[in-house]
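Please open the model in a viewer with residue selection and secondary-structure display enabled. The stops below proceed from one selection to the next.

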Amino acid sequence: MSIDDEAQEPLEPRVGPVPEDDPEFRPYRHPAAGWGAARSVTRFLLEERALVDGPRAIMRMNHENGGFDCPGCAWPDDTKGLHLDICENGIKHVTWEMTRKRVDRDFFAAHAVTELAGWSDYDLENQGRLTEPMVYDAASDHYVPISWKDAFELVGATLRGLDSPNRAAYYTSGRLGNEATFLYQLMARELGTNNLPDCSNMCHEASGRALQASLGTGKGTVDLKDWESADALFILGVNAASNAPRMLTALAEADRRGARIVHVNPLVEAAATRTIVPHEFTDMALFRTTRTSTLNLQPRIGGDMALLRGMAKAVLEKSASDPKALDVAFIDRHTTGFEEYRALCEATPWEELERQSGLSRDDILEAARVYGEADRSIVSWCLGLTQHEHGVDTVREIVNLLLLRGNLGREGAGPSPVRGHSNVQGNRTCGIDHRPTDAFLDRLADACGIDPPREHGLDTVRTIRAMREGTVKVFVGMGGNFALAAPDTAATYAALRSCDLTVQVSTKLNRSHVVHGRAALILPCLGRTEKDHQRRGVQSTSVEDSMSMVHLSVGMKRPASPRLLSEPAIVAGMARAALPDSETPWDWYVEDYDRIRDTMAEALEGFEDFNRRVRLPLGFRIKQPARELVFLTPSGRAEFSSAALPDIVPEPGTLALGTMRSHDQWNTTIYSDNDRYRGVKNLRTLVFMNRADMRERGIADMGPVDITSTAKDGSSRFLTGYTAIPYDIPRGCAAGYMPEMNVLCALGDYSTQSDQPIMKHLKVTVVPAAG
């Protein structure tokens, strides 16, 4: 497909830059991070002309006193006061935000929206930082300047004119700080709706629902100190080197102290081999690598639940001859449902566990041996487990396995989901939840003097459907790139274009600005790296990492434009206009974010004495009842799950395809067409396949292919002219990059357990390209 053809087809825009050279594939044989990361960062700093600002920012990132939190992943800050607690992708993310390039009124005057819609997503973001509020002018097909006052009034008038508050939806991406998050959900609920879809609906919803059902908490129970004392670490469905690179430090330290590290992933990623941690200068100088795994298992896509059940079956079988294989006292005192689960494991044949997992019995027994010999085990996972039809059951199976040996409520043990985006967990904690509990709403009502709605709102998938059907007429997006991140590209585009008004609060131009409603606003905000000046001085915001630590972040740079507003100020501006009779002191809150935090301390459980505790070194950890063996479940105990094992073996002729990021990518932001850790250069429109599957289909190495997905309802979606790359991946499995492949995930292809799009388990056929 030529670039000109792509420009005419808005559903398959080029995401990355136009490659300057022919595509290449050469398997990666080097350690993760190390000198490869150093060279990549240096090259990126040179390209962005940030050789001064970049290093300055690096020295202020993830520091406990006066620094700003990395706007990339949600891995916790180092507990030992490390001065360079950074990674390659974090540096790129910060430098991308601090670019000197600007998208101002002259840019929009020169480029019609129809023209911009034909640009690649890389080129859209690469234009630089947005500088002032813009409104879409349909007559000219251009965005034109608008004052903040008039922009807020447009939002307010439109919201006031709706016949029901449920005609609007308020989306949140993961980077929004806690204070802005709290104000945002407060505005939505004071308006009268719980339509608060967020990126968790597409990522870790399964984790939250599973942990809530099993343990009575929607979060993991471990912290970074637990990682530092575990005897065994099981890492499932995680590509740490790209998605949580600072985890490499924890893995290297675990190997050095003799802990066993088991990676479970259809692809053996670079982080599952060895590393050189860049801030360990002696290792860098001597090119000395450290192992990051002691065992790698490659189940078929979706086979993790069968592996986990097989491990549990092995532990239970061993207990017949070794009573210490089970923690019987823990099971009796703290759990329910054990006998039903034991019977289920005993009744599941080894042959079926092998077939569903794609692993041999010996592989499963080896993983079980590692687990059984460890006194303290942590199981960690990411989207490789959650974006499946049976994601909730799989995460509950993790808890089942942990409960068998009492790996909960003690140091060095427990469940540890890896949240991929900075503060996505904080968003949910601070109220971004379309299914709020009555307890949360009761506290919010008392603290804020409002009467919040009790009816559940819309999640991401249902918001898209409601916009397309015309029942939701206003879409407000706080950060992110909804048009590109959501499933079923055609349906998502149509949904956004059906709205009366779309509002995007952003730092950079992206696809969601050119796929818009009949009226559209771009509201530019401060970035995480920038100073936030308000009436009572420079403000700090708080964020929550993936292990429930809440800490402050303070920007260091002068804002990219004097016309930018902070996210709390933008939320307050919209709220004032939409709720002219509100008694909520929106302007007073924005003057001093401590005031927001004082109200949050009243409204949010676990945030008591917020302003004092968040200023402690490293902040504070939100209390997790399950960590103290207090289970807020109906039984008052940790609950074993006895879910049936799903049949996930692909039908003959089909493949199970999972979407993923490349290494040089952060969510929908693409830095280049390269994927260093998978050996790919100058190519993103690709599919990784098992070589035997390729030969069976008559597909040559690096040959062109067409991909067809078949949805649950029988409908089909297509990608043409992709390149097939032979890769070490189980038979019957394939993988490729999001967001390009999001078009293959039908809107109706979501889990009935979690309502998440099943982007890691699409049913596809791959054939040589026609013609």
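Begin by selecting strand 17 (residues 501–506) together with strand 18: six bridges join the two, which run parallel. Strands (E, at least two residues) and helices (H or I, at least four) are DSSP runs numbered from the N terminus, and two strands pair if DSSP finds at least two bridges between them. The model is predicted, so local features need pLDDT of at least 70 and side-chain atom pairs count only at pLDDT 80 or more, while totals for chains, interfaces and linings use all residues. Residues are numbered from 1 along each chain as its sequence is written, and side-chain values use heavy atoms, with hydrogens and water left out.

**Around strand 18**

Within this pair, Leu501 has Ala519 of strand 18 as its bridge partner. Next add strand 5 (residues 134–137), which is joined to strand 18 by two bridges and runs antiparallel to it; here Met134 stands opposite Ile522. Is strand 18 largely enclosed or not? Five of the six residues of strand 18 (residues 519–524) are buried, so the strand is largely enclosed by the rest of the structure. Buried means under 20% relative accessible area, exposed means over 50%, and partly exposed lies in between (1.4 Å probe, protein chains only).

Moving along from strand 5, select Asp141 in the loop between strand 5 and strand 6 (142–145). Asp141 has a positive phi, near 60°, and is a residue other than glycine. Its relative accessible area is 16%, so Asp141 is buried.

**The nonpolar cores**

Select Leu159, Tyr170, Phe182, Tyr184, Leu523 and Met574: of the 61 residues in the largest nonpolar core, these touch the most other members. Such a core is a set of buried Ala, Val, Leu, Ile, Met, Phe, Trp, Tyr and Cys residues joined through side-chain atoms within 4.5 Å. Centre the view on Met574, which touches Phe152, Val155, Met187, Val476, Met478, Val503 and Leu523, not counting residues up to four places away in sequence. Contact here means heavy atoms within 4.5 Å. A second, separate core has 50 residues, among them Val262, Leu297, Leu385 and Leu408.

**The sheet 21-22-23**

Now display the open sheet of three strands in the order 21-22-23, where the pairing is antiparallel. Its edge strands, strand 21 (541–544) and strand 23 (620–621), each pair on one side only. Four bridges link strand 21 to strand 22, and Val543 has His551 of strand 22 as its bridge partner. Strand 21 and strand 22 form a hairpin with four residues between them, and Ser548 in the turn has a positive phi of about 70°. On the other side, strand 22 (residues 549–553) pairs with strand 23 over two bridges, with Met549 partnered by Arg621.

In a regular strand the side chains alternate between the two faces of the sheet. Both faces of strand 21 are covered: Thr541 and Val543 on one side, and Ser542 and Glu544 on the other, are all buried. Adding helix 9 (residues 178–191) to the view shows that this helix lies across strand 21 and strand 22, at about 90° to strand 21. Axes are lines fitted to C-alpha atoms, for helices over the stretch in contact, and angles run from 0 to 180 degrees between N-to-C directions.

**Helix 15 and helix 19**

Select helix 15 (residues 304–319), whose 16 residues reach 23 Å from first C-alpha to last, close to the 22 Å expected at 1.5 Å a residue. The expected span is 1.5 Å times one less than the number of residues. Of the 16 residues of helix 15, 14 are buried, so the helix is largely enclosed by the rest of the structure.

Which residues does Ala312 contact, leaving aside its neighbours within four places in sequence? They are Tyr341, Cys345, Leu401 and Leu404. Ala312 is buried, with a relative accessible area of 0%.

For contrast, turn to helix 19, whose buried residues are Ile364, Ala367, Ala368, Val370 and Tyr371. Seen down the axis, these fall within an arc of 155°, so they line one face of helix 19; the arc is that of the directions from the helix axis to the C-beta atoms. The face turned away from the buried side carries the exposed residues Asp362 and Glu373.

**The loop between strand 32 and strand 33**

Finish at Pro739, in the loop between strand 32 (733–737) and strand 33 (762–768). A cis peptide bond joins Met738 and Pro739, with omega about 5°. Asp755 lies in the loop between strand 32 and strand 33, and has a positive phi of about 70° although it is not a glycine. At 13% relative accessibility, Asp755 counts as buried.
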